[in-house]
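Work through the exercises below with the structure in view. Each task is followed by a solution in steps.

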Amino acid sequence: MGRSEGACQGGKSDASGAPSAAASAVTSGGGSSDSGSSHGGSTNGGSSAAQGSSGAGAGQGASAQGDGRGSAPQHTGSGAKAGPASARHGATARCTTAGLQAGWGSSGGGVPDMHGAAQQTAAVWLKNTGSSSCTLSGFPGVQIKATDGRSLDLPRSAQKPAPVTLKPGGTASFTLRLLPSVSGGDQKIEPGTVLITPPNEKQHFPLKWPYGGALLDQSGATHPGTYVNPIHG
C-alpha cells in the first residue's frame, strides 16, 4: 500500500533494525481504550507517560517475575508483564493488564522494513497469564514515545472489533500499520518505546522499539498511514 496523504510534523529514532534479547516490567498510568471502533483519522487510543523499564528482543516474552519462558513459541520479540495476575471470577471476565503479558511478533505480522517507502505491518501479542479465562474486546491504546521525548498516540482503523476469549496461557494479537519516513526532507518520528494499553485498562506495557528507522509524522493528517487495528484471535 502506498503512502497516505496528510500534514507532516516532527520525529525520532532507534538505530537497531532487528530485535535484541531483553524484557521488562510494566508500569501503571497508561490511558484506557474502549471497545468501540472509529475511522483511521481519529485520535483515540490509550496513552501515558512511560514509567519503568522496557524490553525488546528475539525469542519468548519475558515477565517481571520468573524467567518468562512460557510464551507461545510462534511469538517473536520482547515481552512485558504487569505483575501478579488478577483475573476476576467467571469465564467472560475482562482481561486486565495485571493478568496479561505482551511482546512483539505474531503470525499476523512479520518484521517491518522501516527503510521501505510502502506501508509496513508490525504485530503485538497479548498472553493470558492468569488462572481463569478472560475476554479482550476492542482497540488497545498505543502511544509511541520518540527518542527526542515527543509522543504520538496512534489513531484507530475503521475495522470492527470482536471479542476474543483467552483461556489461561492463550494469546491474541493486534497489528500496527506503519508508514516509514525515507526522505531526508520528511518530518518524522523516530520511535524509542511503545506504550501498549489493553482495552478498558489504564496500566500499560512499555515495549522497546526493536525495528529502527523512523515514521512519517502525519499528526495533522485526515487519513494517516500509521494506525492501530483492533485485537483479534
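**Exercise 1.** Is D217 buried or exposed?

Solution. The model is predicted, so local features need pLDDT of at least 70 and side-chain atom pairs count only at pLDDT 80 or more, while totals for chains, interfaces and linings use all residues. Residues are numbered from 1 along each chain as its sequence is written, and side-chain values use heavy atoms, with hydrogens and water left out. Buried means under 20% relative accessible area, exposed over 50%, and partly exposed in between (1.4 Å probe, protein chains only). D217 has a relative accessible area of 1%, so D217 is buried.

**Exercise 2.** Which residues are linked with D217 in a network of salt bridges?

Solution. A salt bridge is a side-chain nitrogen of Lys or Arg within 4 Å of a carboxyl oxygen of Asp or Glu.
- Step 1: R150 and D217 meet in a salt bridge, 3.4 Å from N to O. R150 lies in the loop between β6 and β7 and D217 in the loop between β13 and β14 (227–228), so this pair ties together parts 67 residues apart in sequence. Strands here are DSSP runs (E, at least two residues), numbered from the N terminus.
- Step 2: R150 also meets D148 in a salt bridge, at 2.9 Å from N to O. R150 is partly exposed at 28% relative accessibility, and D148 is partly exposed at 44%.
- Result: D148, R150 and D217 are linked in the network.

**Exercise 3.** Find the salt-bridge partner of E201, and state where each of the two residues lies.

Solution. The structure holds 3 salt bridges.
- Step 1: E201 pairs with R94, and their closest N and O atoms are 2.5 Å apart.
- Step 2: E201 lies in the loop between β11 and β12, and R94 in the loop between β2 (79–81) and β3; they are 107 residues apart.
- Step 3: E201 is buried, with a relative accessible area of 10%, whereas R94 is partly exposed at 31%.

**Exercise 4.** Which residues form the cluster of ring pairs that includes W209?

Solution. Rings of Phe, Tyr and Trp (its six-membered ring) pair if their centres lie within 6.5 Å; planes under 30 degrees apart count as stacked, over 60 as edge-to-face and the rest as tilted.
- Step 1: By this rule there are 3 aromatic pairs. In one of them, W104 and W209 have ring centres 5.6 Å apart and planes at 85 degrees, so the pair is edge-to-face.
- Step 2: W104 lies in strand β3 and W209 in the loop between β12 and β13 (215–216), so the pair ties together parts 105 residues apart in sequence.
- Step 3: W209 and Y211 are also edge-to-face, at 5.2 Å centre to centre and 85 degrees between the planes. Both W209 and Y211 are buried, and W104 is buried with a relative accessible area of 0%.
- Result: the cluster consists of W104, W209 and Y211.

**Exercise 5.** In what order do the strands of the open sheet β7-to-β12 stand, and which strands are at its edges?

Solution. Two strands pair if DSSP finds at least two bridges between them.
- Step 1: The 4 strands are ordered β7-β6-β11-β12, with antiparallel pairing.
- Step 2: β7 (151–153) and β12 (205–208) each have a single partner strand, so one side of each is left without a neighbour in the sheet.
- Step 3: Strands β6 (residues 141–146) and β11 (residues 191–197) are joined by 6 bridges. I144 stands opposite V194 in β11.
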